[in-house]
Amino acid sequence: MQFLSLTHYPTHGFIYTSEPEKLAPAPNQNQNQGAPGPVNAIAPDHSPSPSMVMTTIPPSSYGTLFQHFTYACQPIWSHRLTLAVPNGIVYEVGDFRVRLGDVRQTFPTARVRGTVVEIEWRGPSVVEAIPVDREDVSFSAGVGAGGDGDVDVEAAGIDLASAAIEESDIDAEYAATASLIREFWGRLGVEAREAILIPNVGTEVKDRLRRWQKAGSGVDARVDTSVDGPGSVVGERSDEDPDPWSGADVARQFMEVLRFNR
């Protein structure tokens, strides 16, 4: 379980945790020689990449929940380490935004662990053309020819209707963006460990697309508290946080880079 807060996403904190270990039937074995039938045994499924669940919480609850785990759950959960990136620097380079800072371990002992660089693509994006919630969809309906629900997102530079975007388009955009970031990073001539396109990137964006498409068909999609596929939990939108899932993809990558056993 990992807790993460990012100053450029101040409306919520992130929690990333592995799902319970799955149990699979073990091969049938006789209880003892001459036993009439097999014993139903259960063996743990040691998957090399356990599925993870991402959730977000308000800043006011972040510290309280962390204290709960460190105190009330001592027998089953222990605080391994704390890392911080204080006094980071942000650069705008064309269509890229670059954030960098020193990674410092503050618990259990203080020491410098290295430097982390976040490169964000800020150019035209299909993802940014997808409204955050139903209110955005209602506000945007009627824009475009015939009032058919087309959305003109000025910041994204793309004019699309919900029917024109598919989940495969989101995967393609993430892959193309990763290539642009790799090319940008290659020009810097710095060798570093990469964390790009880790599993479940785009999960919340795809769910946002589904809600937009449901809203366009007249289905009330404002509240969905189900678990929507591996790696995500879809929750109710709070009035104080218009987009509780903003930054989830960035948080996943930070958590993978800063994982304690790397």
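Which residues have the most contacts inside the largest nonpolar core? In this predicted model, they are L4, L6, F14, M54, F254 and M255. The core has 16 residues. Two or more residues come from each of β2, β7 and α5. Helix α5 gives the largest share, with five residues. One of the core residues, F254, touches L4, L6, V116 and E118, its neighbours within four places in sequence being left aside. A second core is separate from this one and has eleven residues. Among them are V127, I170, I198 and V205.

The protein chain as a whole holds five helices and 13 strands. It has 262 residues, and 34% of these count as buried. Contacts between residues at least 6 apart in sequence were also examined. Of these, 62% join residues at least 24 apart.

Three of the strands form an open sheet. Their order is β1-β2-β7, and the pairing is antiparallel. Strands β1 (2–4) and β7 (52–57) stand at the edges. Each has a single partner strand, so one side of each lacks a neighbour in the sheet. On average, neighbouring strands here are turned by 20° against each other, direction ignored. In a regular strand, side chains alternate between the two faces of the sheet.

The two pairings in this sheet can be taken in turn. Strand β1 pairs with β2 (residues 13–18) in the antiparallel sense, over three bridges. Within this pairing, L4 has F14 of β2 as its bridge partner. Both L4 and F14 are also among the residues with the most contacts inside the largest core. Strands β2 and β7 pair over six bridges, again in the antiparallel sense. S18 stands opposite M52 of β7.

Is β7 largely enclosed or left open? Five of its six residues are buried, so β7 is largely enclosed by the rest of the structure. Helix α1 (residues 59–71) lies across β1, β2 and β7. This helix runs at about 155° to β1.

The loop between β6 (42–44) and β7 contains S51. Is S51 buried or partly exposed? Its relative accessible area is 24%, and S51 is therefore partly exposed, as buried means under 20%. S51 and S18 are 33 residues apart along the chain. Their C-alpha atoms are separated by 6.0 Å. S51 is in contact with S18, and with T17 and E19 as well, when neighbours within four places in sequence are left aside.

Two packed helices are described by the angle between their axes and the distance between the axes. Helix α4 (residues 203–216) and helix α5 (residues 248–257) pack at an angle of about 165°. Their axes are 8 Å apart. Angles over 145 degrees count as roughly antiparallel, and α4 and α5 are therefore roughly antiparallel to each other. On the α4 side, the contact is made by T203, E204 and V205. On the α5 side, it is made by A248, D249 and R252. Two of the contact residues are nonpolar, one is polar and three are charged. V205 of α4 also belongs to the second core.

Conventions:
Residues numbered from 1 in each chain as written. Predicted model: local features only at pLDDT ≥ 70, side-chain atom pairs only at ≥ 80, totals over all residues. Heavy atoms only, no water. Axes fitted to C-alpha atoms, helices over the stretch in contact; angles between N-to-C directions. Helix = DSSP H or I, 4+ residues; strand = E, 2+ residues; numbered from the N terminus. Parallel < 35°, antiparallel > 145°, perpendicular 65-115°, else oblique. Contact = heavy atoms within 4.5 Å. Nonpolar A, V, L, I, M, F, W, Y, C, P; charged D, E, K, R; others polar. Pairing = 2+ DSSP bridges. Core = buried A, V, L, I, M, F, W, Y, C linked by side-chain atoms within 4.5 Å. Buried < 20%, exposed > 50% of the residue type's maximum accessible area, 1.4 Å probe, protein only.
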